[in-house]
Amino acid sequence: MSTQHQIMDSLALGRLEINRPMVNLGTCLSGSVKEKNAQGGSQAAHLNGCVPLSHQVAGHKYGVDKVGILQHPDGTVLKQLQPPPRGPREMRFYSKVYAEDCGDPCLLDLQHHLPKYFGTWSSPEYPNELYLKLEDVTRRFQKPCIMDVKIGQKSYDPYASHEKRDQQIKKYPLMEEVGFLLLGMRVYKVNSDEYHSYDQHYGRGLLKDTIKDGLSKFFSNGRSLRKDAVAASILKVQNILRWFEGQSQLTFYASSLLFVYEGLPPPSPEGHVFRGPPEKTTSAADACCEPNEEVLEYNNNIRVAVPLDYSLSTMYTMYKKGCTRGHHGEVTAASDTTTGPNPQEDNSTWKCPGLVPAEQPNGNGIKAQLEEESGVGEGGRGEPHPEQRVSEVEVRMIDFAHVFPSESQDQGYIYGLKHLLEVLQQILHQ
Ligand SMILES: Nc1ncnc2c1ncn2[C@@H]1O[C@H](COP(=O)(O)OP(=O)(O)OP(=O)(O)O)[C@@H](O)[C@H]1O
Ligand SMILES: O=P(O)(O)O[C@@H]1[C@H](O)[C@H](O)[C@@H](OP(=O)(O)O)[C@H](OP(=O)(O)O)[C@H]1O
């Protein structure tokens, strides 16, 4: 039996091993940084029940013999640990933030902006090949529109070789000035029922004066500019900025924000929701123009009864009024059931790493846990209750292969966030 089949087999039998991560971020983050070296190749192309992440919009460096990121039907993704030092560093970052005994309010607050972490996973056949088991941020969306934006003025860390530094600078010389880079996106077009994909080259081609238009493609569904999604994204990014302005213990390089919003249009007055035929995808080098798009202002999914002449600022204010201040002072949509769990309210379920209770060795409990929190019932991608639809935007921080301890604010990341917010505001008010 091939190794791949062995892994598939063990998954089918539910023989998953959830490993308790080694929690020692301090050592890892401050430890010596070795050059990236090759890890033993992974033989698994598909793990049973898992599929390669169809919506992966960035991060294709794994090569042919690597699994990369897999989507599990329980509402999680498995991210293969990258070769050292990146993979272990990312693992220890998650382990620290989600540590069971974590009492640091700053890190507890950070959990709200990250995918939930369920520890590491490996197959019995390949116990040395580790995967990070993470919440699939797109899981509750029917037609997820996804964008990956790398944040910061430097996309290389202080330990990077000259070669690596040059490689990164050459890829996007404007990083220092712009503070962010669009790595990729996938946009659902309601008029054609297709996804348009934009790869890293699209983002690298954006200059200062074209960034706004470049970014607004993410919110253009072929029929309208989704200002509701822009406004909701702004609120989420502002929360992240607030977190960064309040912390001086971590510095992030080459880390991303993952944006997701529901691409399906809101239900018709009769309550019908257009789901469209099965997905089609086009690569959209040529899909950058949206002729005759009108700017409609509608809530993503809730039908908001508003007079036609409502100004955008009124809409935006209305949107904001649907928001409350969360437990940690963060702003969340009133019906937002998707932000991370409040560890102080629920000590039993989300107590940090290792995370998957022993009695759920195949991780099946994760699905129920995620569903319970998102209010999505059996099927995972079912129709959410109308009241939940206002919050159907996610902005989460991902990719922590280059996170280091610090003693000052992360100015590079803050700069990037502020500029990104400026551009989003411009899109909102255009
Ligand atoms: N938790 C998640 N939920 C849903 N999708 C995810 C999640 N994490 C990652 N992805 C998808 O996978 C892509 C790559 O993720 P990530 O940046 O973590 O991988 P990477 O291999 O480290 O990438 P890079 O080569 O850019 O460093 C993202 O752009 C996104 O499309
Ligand atoms: O967008 P591309 O062209 O795929 O470029 C990759 C991207 O910048 C990754 O973020 C980076 O990994 P890190 O962020 O972890 O450095 C990787 O470095 P690598 O070539 O050294 O793997 C680059 O190749």
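**Around helix 9, strand 4 and a few unusual loops**

Gly222 sits in the loop that links helix 8 (211-216) to helix 9. The model is a predicted one, and in it Gly222 counts as partly exposed, because 19 C-beta neighbours fall inside 10 Å and a buried residue would need 20 or more. Looking back along the chain, Gly222 and Leu207 are 15 residues apart in sequence, while their C-alpha atoms lie 23 Å apart in space.

Past that loop comes helix 9, which covers residues 227-245. Its length works out as it should: 19 residues at 1.5 Å a residue should span 27 Å, and the C-alpha atoms at the two ends are 26 Å apart, which agrees. Helix 9 is also mostly covered, with 14 of its 19 residues buried.

Helix 9 has a partner in helix 12 (residues 411-429): the two axes come within 10 Å and cross at roughly 160°. Since angles over 145 degrees count as roughly antiparallel, helix 9 is roughly antiparallel to helix 12. The crossing between helix 9 and helix 12 is left-handed. On the helix 9 side, the contact is made by Lys227, Val230, Ala231, Ser233, Ile234, Val237, Gln238, Ile240, Leu241, Phe244 and Glu245. Helix 12 brings Tyr413, Ile414, Leu417, Lys418, Leu420, Leu421, Leu424, Gln425, Ile427 and Leu428 to that contact.

Turning to the strands, strand 4 (residues 76-80) is mostly covered as well, with four of its five residues buried. Strand 4 pairs with strand 3 (residues 69-72) in the antiparallel sense, over four bridges. These two strands form a hairpin with three residues between them, and there Gly75 takes a positive phi near 90°. Strand 4 also runs antiparallel to strand 6 (residues 131-135), and five bridges join that pair. Val77 shows both pairings at once: Gln71 stands opposite Val77, and in strand 6 the bridge partner of Val77 is Leu134.

Further along, the loop between strand 4 and helix 3 (86-97) holds Pro85. A cis peptide bond joins Pro85 to Pro84, with omega at about 5°.

Two other loops have a backbone quirk of their own. Asp193, in the loop between strand 8 (180-189) and strand 9 (194-198), has a positive phi near 55° although it is not a glycine. Ala254 likewise has a positive phi near 55° in a residue other than glycine, and its place is the loop between strand 10 (250-252) and strand 11 (255-262). As for their surroundings, Asp193 has 17 C-beta neighbours inside 10 Å and so counts as partly exposed. Ala254 has 22 such neighbours inside 10 Å and therefore counts as buried.

Stepping back to the whole protein, the secondary structure comes to twelve helices and 16 strands. Of the 430 residues, 45% are buried. Among contacts with a separation of 6 or more, 78% are between residues 24 or more positions apart.

Conventions
Residues numbered from 1 in each chain as written. Chains lettered and ligands numbered in written order. Predicted model: local features only at pLDDT ≥ 70, side-chain atom pairs only at ≥ 80, totals over all residues. Buried ≥ 20, exposed ≤ 12 C-beta atoms within 10 Å, placed from the backbone. Pairing = 2+ DSSP bridges. Contact = placed C-beta atoms within 7 Å. Expected span 1.5 Å × (residues − 1). Axes fitted to C-alpha atoms, helices over the stretch in contact; angles between N-to-C directions. Parallel < 35°, antiparallel > 145°, perpendicular 65-115°, else oblique. Left-handed = near helix turned anticlockwise from the far one by under 90°.
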